[in-house]
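Visitor: Hi, I've got a protein to look at and I'm pretty new to this. Can you walk me through it?
Guide: Sure, pull it up and ask away.

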Amino acid sequence: MAIQDGRWAPGIGDPTVMGWVTVAIYFAVALLCTWAAIRTSANKDNTVQGQDKALSFFWFSLSVLLILLGINKQFDLQSLLTQVGKDLAIAQGWYEKRRTVQFLFIIFIAASGVGVLALLVRKYWAMLDYIKITLIGCVILFIFILIRAMSFHHVDIFIHTKLAGIKMNWLFEIGGLSVIWIGALNYLRRIKTRSISKHS
């Protein structure tokens, strides 16, 4: 989807080479997370005792989330949501107060994200050593999504600012995905090492 004349319309949101490369990275990282879930299910003695099912669910859920985010990278559904909200605000007469509503919405999203992270840490506390790198990557990616959701003028300027020729949004988005990739590789290496040590 794309923005045309200030309104959301069907189309590709980011048809640039970098846009498609980012989508490919989303799918590649999702594939690696799926492999981590499969390996966990197939080798139940490789991880924390009794926690294999929970770890497998974690990796599979993360894979699905990344696939959805990769699809949304080009479908740009948040722009549609923004447009629907704008039209609703105009129709109901509170468009002048949209910044307050937008701010409260961002606070809600941020609080929800922190809450989900807290629940993940609590649920996977015994396994945190296995997935802590991945969780850091998830936090970086969440921060990027939160920044994009703000849609404030000065925020848009910031995320399109270049550092050594690299846009800040690339650093956040691809950086977060890279950390998740490293975390997944580290997890696969650790369960492989654990398996070898158990069978040696």
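Visitor: Let me start with one residue I clicked on. Is K132 buried, partly exposed or exposed?
Guide: K132 is partly exposed, with a relative accessible area of 43%. One thing to keep in mind as we go: this is a predicted model.

Visitor: Okay. Which side chain does K132 meet in a salt bridge?
Guide: That of D129, with 3.2 Å from N to O.

Visitor: And where do K132 and D129 lie?
Guide: Both lie in helix α5, which covers residues 128-150. They're three residues apart, and that's about one turn of the helix.

Visitor: What about D129, buried or exposed?
Guide: In between: D129 counts as partly exposed because its relative accessible area is 38%.

Visitor: Which other side chain meets D129 in a salt bridge?
Guide: The side chain of R190 does, at 2.7 Å from N to O. R190 lies in helix α7 while D129 lies in helix α5, so this pair ties together parts that are 61 residues apart in sequence.

Visitor: How accessible is R190?
Guide: R190 has 24% relative accessibility, so it counts as partly exposed. Put the pieces together and you get a network of salt bridges linking D129, K132 and R190.

Visitor: Nice. How many salt bridges are there in the whole structure?
Guide: The search finds three. One of them is between the side chains of E173 and K73, at 2.9 Å from N to O. That pair links distant parts of the chain: E173 is in helix α7 (residues 168-199), K73 is in helix α2, and they're 100 residues apart.

Visitor: Where does helix α2 run, by the way?
Guide: Helix α2 covers residues 52-75, and K73 is found in it.

Visitor: Are E173 and K73 buried or exposed?
Guide: Both are buried.

Visitor: Why does K73 count as buried?
Guide: Because its relative accessibility is 15%, and buried means under 20%.

Visitor: Switching topic. How many disulfides are there?
Guide: Zero, after a search of the whole structure. C33 is in no disulfide, and the nearest cysteine sulfur, which belongs to C138, is 7.7 Å away.

Visitor: Remind me, what is a disulfide?
Guide: It's a covalent bond between the sulfur atoms of two cysteines.

Visitor: So why is there no bond for C138?
Guide: Because the closest cysteine sulfur, in C33, is 7.7 Å from the sulfur of C138, which is too far for a bond. The cut-off used for a disulfide is within 2.5 Å.

Visitor: Where do those cysteines sit, buried or exposed?
Guide: C33 is buried, with a relative accessible area of 0%. C138 is partly exposed, at 22%.

Visitor: Can we zoom out? How many helices and strands does the protein chain have?
Guide: Seven helices and four strands. From the N terminus on, the order is β-β-α-α-α-α-α-α-β-β-α.

Visitor: How much of the chain is buried?
Guide: Buried residues make up 33% of the 200 residues in the protein chain.

Visitor: And what does the chain expose?
Guide: About 11900 Å², with carbon and sulfur atoms supplying 71% of it.

Visitor: What about contacts between residues that are apart in sequence?
Guide: Take the contacts in the protein chain between residues at least 6 apart in sequence: 74% of those join residues at least 24 apart.

Visitor: Back to the surface. Which residues form the nonpolar patch?
Guide: F27, F60, V64, I67, L68, I71 and F75, with about 610 Å² of accessible area together. Helix α2 gives the most to this patch, with six residues.

Visitor: Pick a couple of those for me. How accessible are L68 and I67?
Guide: L68, found in helix α2, is exposed, with a relative accessible area of 53%. I67 is in helix α2 as well, and I67 counts as partly exposed, at 34% relative accessibility.

Visitor: What is I67 in contact with?
Guide: Leaving aside its neighbours within four places in sequence, I67 is in contact with F27 and A30. You can also check I67 against V29: they're 38 residues apart in sequence and 8.9 Å apart in space, C-alpha to C-alpha.

Conventions:
Residues are numbered from 1 along each chain as its sequence is written. This is a predicted model: local features need pLDDT of at least 70, side-chain atom pairs count only at pLDDT 80 or more; totals for chains, interfaces and linings use all residues. Side-chain values use heavy atoms; hydrogens and water are left out. Helices (H or I, at least four residues) and strands (E, at least two) are DSSP runs, numbered from the N terminus. Buried means under 20% relative accessible area, exposed over 50%, partly exposed in between (1.4 Å probe, protein chains only). Contact means heavy atoms within 4.5 Å. Accessible areas come from the Shrake-Rupley method with a 1.4 Å probe; for residues, only the protein chains shown count as cover. Patches are made of residues with over 30% relative accessible area and no salt bridge: like charges are joined within 9 Å, nonpolar side chains (Val, Leu, Ile, Met, Phe, Trp, Tyr) within 5 Å. A salt bridge is a side-chain nitrogen of Lys or Arg within 4 Å of a carboxyl oxygen of Asp or Glu.
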